[in-house]
Amino acid sequence: MNNHPKGFRIKDVFRNMGIRSVIAPMLVFLLTVVMTCIGSYRYYKATREEIYLQGRVNAVESAKEYDAYLLVRKNTVILAAHVVDEMTREGQPNSEILKYLTAESASIKKSIDKDYTGLYGWINGEYCDGVGWIPDRDYVPTQRPWYLETVADDSEVTFVSPYLDEQTHTVLTTMARKLSDGESVIALDVTLKRIQEITEEITQHTAGSIGIVLDKTGQVIAHSDASQLGRNYLEEKDTFGAALAGKLYQGKSGQFGLAYDGQKYMAFAERIEGDWTAVCLINTRVMYRPLIVTITLLALLMLLEAVVFLSVLYNQGAKNLAIASAREAQSASRAKSRFLSRMSHEIRTPINAIIGLDSIALHDESISKNTRDELEKIGASARHLLSIINDILDMSRIESGKVELREEVFSFQEFLEQITVIAGGQCRDKGLDFVCERDQNLKEYYIGDSLKIRQVIINILGNSVKFTDPPGTVTFSAVQISCEMDRALVQFTMRDTGVGMDQEFIPVLFDAFSQEDTDNTTRYGGSGLGMAITKSFVDMMGGEIRVESRKGAGTTFFVRIPLKPAKEEDLPKAVSAGTQDPEDAVSIEGMHILIAEDQEINAQILSDLLELEGASSEWAGNGKLAADLFEKNGKGHFDAILMDMRMPVMDGLEATREIRKLDREDAAKIPIIALSANAFEEDVQMCLKAGMNAHLPKPIEIDLLKETLSRLRLHTAEE
């Protein structure tokens, strides 16, 4: 018996709507399902990578702070022990040694640690205390843990078993060093309150994270939950601490998973001073919670789409809804590109201010050596952050297929000089020798994506500098190994005398976030994305990359890239203009420049940097003001325009178009350079299409800006 209402027959629906009208919404629905699954997987992958990256960063950063705090106290003990040893060898009496301990204790308490209790020890058979404490008769120094553990230990400095002060609820330890006679000991009581504070501060950065510091016996020295202090996880059973200790003290190290009481954690461990272990745990369920909510919503969305698809069989209007849904899904890719561009702009803008102000401050010759050192560290840290941001954005765009290759004529000599300036400067700063070798068979000009080739080489040379200690050598060479038809095969070789790699690590070298061991991560840092990006770029250009390395004997990278030798008709007109004085090539002295920038602090920084190079400037707070200011002043008033892209009232692209269409001879010729935090290839192309002459990303590298201004000024003069 047919239970369908009258008129409800599938074949009638197909006949009335047509087979194509039914297949179209079906395909749209299936496509939506596939895209949802892909999007969910990528979200999961990104969350997993975020967990790894955040956990590793937390572990490494906290370990650095722990070591920095402990090393000051450790070195205090080492220095005091050395001085007392020398005094003992010179035959000075204990009374003189006690005077030294007293003076040193007072000095350190004032300059290093207000909670400092003073140096003390058992010296030449007597107890000496730098703060004048006289022990009771029942106090036997040679029977105290600080003495017994130190005498039995051959470490440079003994970290005596910590203990919890019940009154202050603070963990304390003693750092002690055995003197050369094997019986005398110098000791220092250390409060670990700061270690506890660092642990709490680090975990506040990441939701669901736990910070723990354990000594070598399993005792909790610091914990983001202060109630855990003083517990010994190795002595516990069936507790979270026991589960963690079971992993840590049974061969697990670096990174591992931990499950307890229905929760799952990713643990990141780092060894610190005293043979202690710093652990950062991230609750993956907390981190995955937004993902689970999103996937649930997506599942409900797919269910709703299924209902809509069924209703399409009865209502032609449902087909339009399915089509609209498909268009919405297709716009997701464009939305991601807009998001990445916006994120690049928002992050680079403050970094630009940091680097610019730091550079200006360093030009002040009156600052102290310590201030200069701190400013240099700020600049280095900001540039390191910028490199990590660049790596993350590059990797994201590579994965989403948004990276395109450029086919442009470039001077190979200028290309080599740019690499020499960057890599040579890095080597010089670290005290390494840099050698650049060029094969005579190389052409003067090639066609290809010189920016990506340069990024590949700089990534590799940057690693060479990072993993090579002075005195050492980094060598870069380029050779054309073959040239057939219109294709030349150019090989770049990057060789260093650094730490090298194990053979087992080379196959995974180009995987994202791959680093050989936690010691290198702690010592050298890095995002773990540079080599993955390098390999992706080489593959995109149809090249190949090969590595030879041996632990302790350095590393050699071989990169082969196919390039098209440029013919005479391919060369730009500017090439035949002749040569110029190298000093003139990098000078902008005397230039008057219009700065179009909506952020006043960025404009002020740029103006100050230009002034340091002998150039003057005027500021316009948006594109409309910049166009009006240029039109208002006569020909030759401005030598160039530095144009931001994102500005209120009128953006940089529209302002450039307004200037170019003015009925003045210099309006078409004046160099306009985009200075923008939007650093993607499509941003560059939009600038060039709008009439700009060049695009430089923020943060501004003043040397690159000078070179670009100088080159464009020369080109304009020749026209």
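**Exercise 1.** In this predicted model, which residues is Leu244 in contact with, leaving aside its neighbours within four places in sequence?

*Solution.* Start at Leu244 and skip the neighbours within four places in sequence; the contacts left are Ile212, Tyr233, Phe256, Leu258, Val279 and Leu281. Next, place Leu244 in its surroundings: the largest nonpolar core has 52 residues, and Leu244 is among those touching the most other members, along with Leu70, Leu101, Ile186, Val213 and Leu281. Helix 2 (residues 19-89) supplies the largest share of this core, with 10 residues. Apart from it there's another core of 41 residues, including Ala478, Ala488, Leu509 and Leu563.

**Exercise 2.** Check whether the length of helix 3 (residues 94-111) agrees with 1.5 Å a residue, then work out where its buried residues sit.

*Solution.* Length goes first. With 18 residues, helix 3 should span 26 Å, and its end C-alpha atoms are 25 Å apart, so the two agree. Now list the buried residues of helix 3: Asn94, Ile97, Tyr100, Leu101, Glu104, Ser105 and Ile108. They cover an arc of only 135° around the axis, so they're on the same side of helix 3. Finally, look at the other side of helix 3, where Lys99 and Lys110 are exposed.

**Exercise 3.** How many disulfides does a search of the whole structure find, and is Cys427 buried or exposed?

*Solution.* The search comes back with 0 disulfides. For Cys427, the cut-off for buried is under 20% relative accessible area; Cys427 has 0%, so it counts as buried. Try Cys436 too: its relative accessible area is 33%, which means it's partly exposed.

Notes
Residues are numbered from 1 along each chain as its sequence is written. This is a predicted model: local features need pLDDT of at least 70, side-chain atom pairs count only at pLDDT 80 or more; totals for chains, interfaces and linings use all residues. Side-chain values use heavy atoms; hydrogens and water are left out. A disulfide is a pair of cysteine sulfur atoms within 2.5 Å. Buried means under 20% relative accessible area, exposed over 50%, partly exposed in between (1.4 Å probe, protein chains only). A nonpolar core is a set of buried Ala, Val, Leu, Ile, Met, Phe, Trp, Tyr and Cys residues joined through side-chain atoms within 4.5 Å. Helices (H or I, at least four residues) and strands (E, at least two) are DSSP runs, numbered from the N terminus. Contact means heavy atoms within 4.5 Å. The expected span of a helix is 1.5 Å times one less than its number of residues. The arc is that of the directions from the helix axis to the C-beta atoms.
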